[in-house]
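Student: Could you take me through one part of this model closely, with the cut-offs spelled out as you go? I would like to see how that part sits in the whole.

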Amino acid sequence: MTVDSTGEERTYRIATLPGDGIGNEVVPAAIDVLDALGGLHGIRFDWRIRDWGCDYFLRTGRMMPEDALEQMAADDAIFLGAVGAPGVPDHESLWGMLIPIRREFDQYVNLRPARLLAGVPTPLAGISPADMDMAVIRENVEGEYSRIGGRLYAGTPHELVVQESVFTRRGIERVMNYAFELAARRRGDVTSATKSNGIVYTMPFWDEIFAERAAAHPQATTQQYHIDALVAMFVLDPKRFDVVVASNLFGDILTDLGAAVAGSIGIAPSANINPEREHPSMFEPVHGSAPDIAGQGIANPVGQIWSGGMMLEHLGEADAAAQLMRAVEDTLGAGIKTRDLGGTANTAEVASAVIERLRATH
């Protein structure tokens, strides 16, 4: 980040990875919105656009260059659209781009808000925006998503597959500490997702450390649910949750469910955070590349725009982030929505409407 000679304009270098599918539609729309917002707040973005992703893989055999992480290491943040395309196996696209970025940059917190915004229909009866405002924190670099394991006797009746989970005290403690610190700035309640009645080693270990962290944060209230009961309560009573902390797999499942309950996966944002700021953090929508609608200009840009708001907050631009969210909610509340939310607007129309409201309210 740089400041000009007047001390007013702030410039942020953003590694920009539109990626695949609708990422190439929602990222440009979000960039337009963020540039307009930046002009109102003395912020300039240096969008360093890279063409990495599945098309790059089909040309080169890699999802990104060998020195990709070195190229991004000095950037202030990473803005990602989507990863994945037909014709490229998911394990190639995921392990070739997204997971190396998360792990090598130690983005061990995956933060996903699950809020019901005004004007967004929810599949739940009798739920208003005041009833759903939670933050799910997913441990992002270990847990069930490891590359430890293998296959024996492939293609025979005796074929054997082993997949190991990896849980460390350091990894669990630090993500739980982040959850308690976030809850202290919110409503003060932390819920832990577990399955210690069926998973005999890792989940009791998770529970033990949650009890230790809760004792170290006596100002917080705590809850603990087995994951099967927790997903049910997300649907039956979402208002009881404030901050939820979960392992990599459980957090992945919970956050997609939270997005669906909040009206559409198309509006859901996420942040992959390195809290110590030793490395850049990455901001991306939850929705994926959606190849079935790619190229039609109808993708919902709200998840990408909201992810941009989370990026602004991480960069210390809280006022700009707050104004952005008000403009998004005003836009949706006015009925300017894409098809996934029951509207008729296209990607560009939603982005333009958000820009209009930013300029009208500044």
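Tutor: Happily; here is a walk from the whole chain to the packing around Leu358 and then out to a few other residues.

First, some ground rules. This is a predicted model, in which local features need pLDDT of at least 70 and side-chain atom pairs count only at pLDDT 80 or more, while totals for chains, interfaces and linings use all residues. Residues are numbered from 1 along each chain as its sequence is written, and side-chain values use heavy atoms, with hydrogens and water left out.

The protein has eleven helices and 13 strands; these are DSSP runs numbered from the N terminus, with helices being H or I of at least four residues and strands E of at least two. Its radius of gyration is 20 Å, close to the 21 Å that the globule rule gives for 362 residues, so the protein is as compact as a globular protein of that length. That radius is taken over C-alpha atoms, and the rule is 2.2 Å times the number of residues to the power 0.38. Along the principal axes, the C-alpha atoms fill a box of roughly 60 × 50 × 45 Å.

Of the 362 residues, 54% count as buried, where buried means under 20% relative accessible area, exposed over 50% and partly exposed in between (1.4 Å probe, protein chains only). Among contacts with a separation of 6 or more, 74% join residues 24 or more positions apart; contact means heavy atoms within 4.5 Å.

Now for the close look. Leu358 is found in helix 11 (residues 347–361) and is buried, with a relative accessible area of 0%. Beyond its neighbours within four places in sequence, Leu358 is in contact with Val33, Leu37, Leu40, Gln323, Leu324 and Ala327. Arg326 lies 32 residues from Leu358 along the chain, with their C-alpha atoms separated by 8.4 Å.

Let us follow the contact to Leu324. With neighbours within four places again set aside, Leu324 is in contact with residues including Val33, Leu34, Leu37, Ile305, Leu312, Val354 and Leu358. Leu324 is also, with Leu111, Ile137 and Met311, among the residues with the most contacts inside the largest nonpolar core, which has 86 residues. Such a core is a set of buried Ala, Val, Leu, Ile, Met, Phe, Trp, Tyr and Cys residues joined through side-chain atoms within 4.5 Å. A second, separate core of 18 residues includes Phe57, Met63, Ile78 and Val88. In soluble globular proteins, nonpolar side chains tend to be buried together.

Helix 10 (residues 318–333) holds Thr331, which counts as buried at 1% relative accessibility. Not counting residues up to four places away in sequence, Thr331 touches Ile336, Val350, Ala353, Val354 and Arg357. Val354 is thus a contact that appears for Thr331 and for Leu324.

For contrast, turn to some other places. Arg169, in helix 5 (residues 169–184), counts as partly exposed at 36% relative accessibility, and its contacts outside four places in sequence are Phe205, Ile209 and Glu212. Arg277 is exposed, with a relative accessible area of 53%, and sits in the loop between strand 12 (269–273) and strand 13 (281–285). Although Arg277 is not a glycine, it has a positive phi of about 60°. Ala290, in the loop between strand 13 and helix 9 (302–314), also has a positive phi, near 45°.
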